[in-house]
Amino acid sequence: VVLYGALPLVMGGLYPDTHEGDTYHAVEILLRMEAGEVPHRDFVTPLGIFAFWPIAAFMRHGESIGLSFIYSQLAVAALLLPLVVYVATTRMPRAVGTVYGLFTLGLVVALSYGTSVSGVSISMHYNRWSWALAFIILGLILLAPRGRARPILEGAMVGVLLGVLLFLKITYFVALAPAAAVALLLVSGPRGLVPAVLGGSTVVLAVVFAFGSEFLFAYYGDLTHIAG
């Protein structure tokens with residue numbers, strides 16, 4: 001994370017040279033948020049607020065858009081680091097866990113679209129972050145623990161991550177939530193499922209506390225509008 005994620009800081013900023021359209025789109029959203037607008041409530045977007053809130057938070061402290069984007073990726077990687085280490089150490093042999101950790105956290109701090117196109121890109125950054133969260137969830141629900149099971153802790157972890165996905169890129173939540181619910185119920189029963197529901201509900205309540213209940217209805221309205 002430190003070596004790969006901080007390399008762009010050597011250049012003193014962010015210099016994307018591919019997917020300019022996506023870059024302009026992201027910059028417009030970030031400038032709107034810096035000016036005090038709130039996604040869904042003030043403008044339409046199917047992307048969740050967590051896709052841009054970490055970047056906008058650094059901008060509000062006086063950083064440029066480019067540096068804020070780099071800092072936000074490092075912050076997300078730092079938050080996910082203990083979860084990735086937990087999955088790697090409780091579910092995998094050391095070599096496999098190391099590769100898993102490097103790949104998952106590499107997704108978070110990458111500056112690439114993920115194809116054969118060479119160049120710096122911020123396109124679909126929310127997809128990279130979502131995949132990283134998804135790999136943590138899948139590790140917890142699909143792989144058996146190598147030691148003592150911790151259904152309450154791990155259920156809560158799954159629930160919180162699903163709650164974040166709900167406000168990051170909802171398609172990942174829709175795809176993973178049913179599978180996670182079934183897996184937790186089959187493996188650990190209510191001891192795993194109830195903490196997951198409580199963990200996810202905590203994220204929803206935090207968003208409601210920050211932006212109001214009307215934010216949820218506006219988010220739903222944007223999603224149905226775009227789907228239509």
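**Exercise 1. Place histidine 40 in the fold and describe its surroundings.**

Histidine 40 lies in the loop that runs between α2 (20-34) and α3 (53-59), where helices are DSSP runs of H or I with at least four residues, numbered from the N terminus. The model is a predicted one, in which local features need pLDDT of at least 70 and side-chain atom pairs count only at pLDDT 80 or more, while totals for chains, interfaces and linings use all residues. Residues are numbered from 1 along each chain as its sequence is written, and side-chain values use heavy atoms, with hydrogens and water left out.

Next, take accessibility: histidine 40 has a relative accessibility of 6% and therefore counts as buried (under 20% relative accessible area, with a 1.4 Å probe and protein chains only). Then list the contacts (heavy atoms within 4.5 Å): leaving aside neighbours within four places in sequence, histidine 40 is in contact with Thr45, Leu47, Gly48, Ile49, Phe215, Ala218, Tyr219 and Asp222. Finally, the side chain of histidine 40 reaches the backbone oxygen of threonine 45 at 3.1 Å.

**Exercise 2. Decide whether leucine 14 is buried or exposed, and find what it touches.**

Leucine 14 sits in the loop between α1 (2-10) and α2, and because its relative accessibility is 17%, it counts as buried. Not counting residues up to four places away in sequence, leucine 14 touches Gly66, Phe69, Ile70, Leu111, Val120 and Ile122. Leucine 14 and serine 68, which are 54 residues apart in sequence, have C-alpha atoms 9.2 Å apart in space.

**Exercise 3. Describe how α6 packs with α5 and with α8.**

Two packed helices are described by the angle between their axes and the distance between the axes. Here the axes are lines fitted to C-alpha atoms over the stretch in contact, and angles run from 0 to 180 degrees between N-to-C directions.

Start with helix α5 (residues 94-109), which packs with α6 at an angle of about 155°, their axes being 7 Å apart. That makes α5 roughly antiparallel to α6 (over 145 degrees). Residues of α5 in this contact include Tyr100, Phe103 and Leu107, and those of α6 include Arg128, Trp131 and Phe135. By class, the contact of α5 with α6 has 10 nonpolar, 1 polar and 1 charged residues.

Continue with helix α6 (residues 125-142) and helix α8 (residues 170-188), whose axes come within 11 Å and cross at roughly 10°. α6 and α8 are therefore roughly parallel to each other (under 35 degrees). Among the residues that meet are Trp131, Leu138 and Ile141 in α6, and Tyr172, Leu176 and Ala183 in α8.

Definitions and conventions: Helices (H or I, at least four residues) and strands (E, at least two) are DSSP runs, numbered from the N terminus. Angles under 35 degrees count as roughly parallel, over 145 as roughly antiparallel, 65 to 115 as roughly perpendicular and the rest as oblique. Buried means under 20% relative accessible area, exposed over 50%, partly exposed in between (1.4 Å probe, protein chains only). A polar contact is a pair of N or O atoms within 3.5 Å; within protein, one must be able to donate a hydrogen and the other to accept it, and residues adjacent in sequence count only if both atoms are side-chain atoms. Ala, Val, Leu, Ile, Met, Phe, Trp, Tyr, Cys and Pro count as nonpolar, Asp, Glu, Lys and Arg as charged, and the others, Gly among them, as polar.
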